[in-house]
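Visitor: I've got a model open and would like to learn how to read its pockets and patches. Could you walk me through it?

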Amino acid sequence: MSLYPTLNQFKDHYLVIGGDWNTYQNTEKDKSNLTKSHNKQATLALNELKQDFKLYDPFKYGNSADKKGKFTFYSQCRKMWSRTDFLISDIFINMDPTITIHTRFFSDHSKITLNINWYKKMYSENRGHKWSLNPNLLSKMNVLKETEAILKIALTNITNSQVPTDIEWAATTAQIRGLFIKKQHTIKKYN
């Protein structure tokens with residue numbers, strides 16, 4: 001079963017994918033027993049998926065020397081430890097992603113926690129400021145039409161809703177800000 005049709009629906013979104021891939025990205029670092037065979041086609045397919053969707057393994061990123069020997073799965077029949085991987089979009093690499101492997105108790109899989117420092121990305125020292133509107137977006141007709149559609153819905157909601165106006169307006173401005181951030185990111189990505 002291919003993930004491509006599903007992931008293609010989210011090509012313009014940030015992705016965090018966790019799962020038991022039943023293969024290894026790197027047979028020397030991702031399993032304890034180097035003599036056991038594995039499905040090389042599955043490894044190639046996983047690495048191709050990572051490349052096509054610009055996905056990274058945060059477990060390995062930046063600390064490759066530390067990572068050998070830290071496993072999350074034990075196969076009783078193969079007598080081998082291996083690792084289940086998270087894959088994340090490249091945007092998250094600047095947010096200091098960390099993986100914590102918790103103690104394995106009753107399952108053959110260890111609990112894994114992924115932490116992404118979103119605050120660092122949004123308010124980092126190298127950016128020096130909070131998000132601000134790129135005025136060039138206001139000259140793009142598609143952005144104006146999408147903004148107009150959001151405002152029309154908001155005005156209808158404000159008129160017909162029991163929700164206080166200030167809360168409706170705060171939600172609307174957040175939605176518009178999100179639209180502008182997404183459009184600006186798309187422009188930066190393709191320029």
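Guide: Let's take the overall fold, then a pocket, then a surface patch. This is a predicted model, where local features need pLDDT of at least 70 and side-chain atom pairs pLDDT 80 or more, while totals for chains, interfaces and linings use all residues. Residues are numbered from 1 along each chain, and side-chain values use heavy atoms, without hydrogens and water.

Visitor: How many helices and strands are there in the protein?

Guide: Six helices and seven strands, taken as DSSP runs (H or I, at least four residues; E, at least two). From the N terminus they run α-β-α-β-α-β-β-β-β-β-α-α-α.

Visitor: And which residues line the second largest pocket?

Guide: Rolling a probe the size of a water molecule over the atoms shows where empty space is left. Here 15 residues line the pocket, with K11, K54, D90, H185 and K189 nearest its centre. Helix α6 (residues 165-190) gives the most, four residues. A pocket is an open set of points on a 1 Å grid over the protein atoms alone, where a 1.4 Å probe fits, with protein on both sides within 12 Å along at least five of seven lines; lining residues have an atom within 4 Å of a point.

Visitor: Is M141 buried or exposed?

Guide: M141 has 55% relative accessibility, so it counts as exposed; the cut-offs are under 20% for buried, over 50% for exposed and partly exposed in between, with a 1.4 Å probe and protein chains only. M141 lies in helix α5 (residues 141-160). Across the protein, buried residues make up 31% of the 191 residues.
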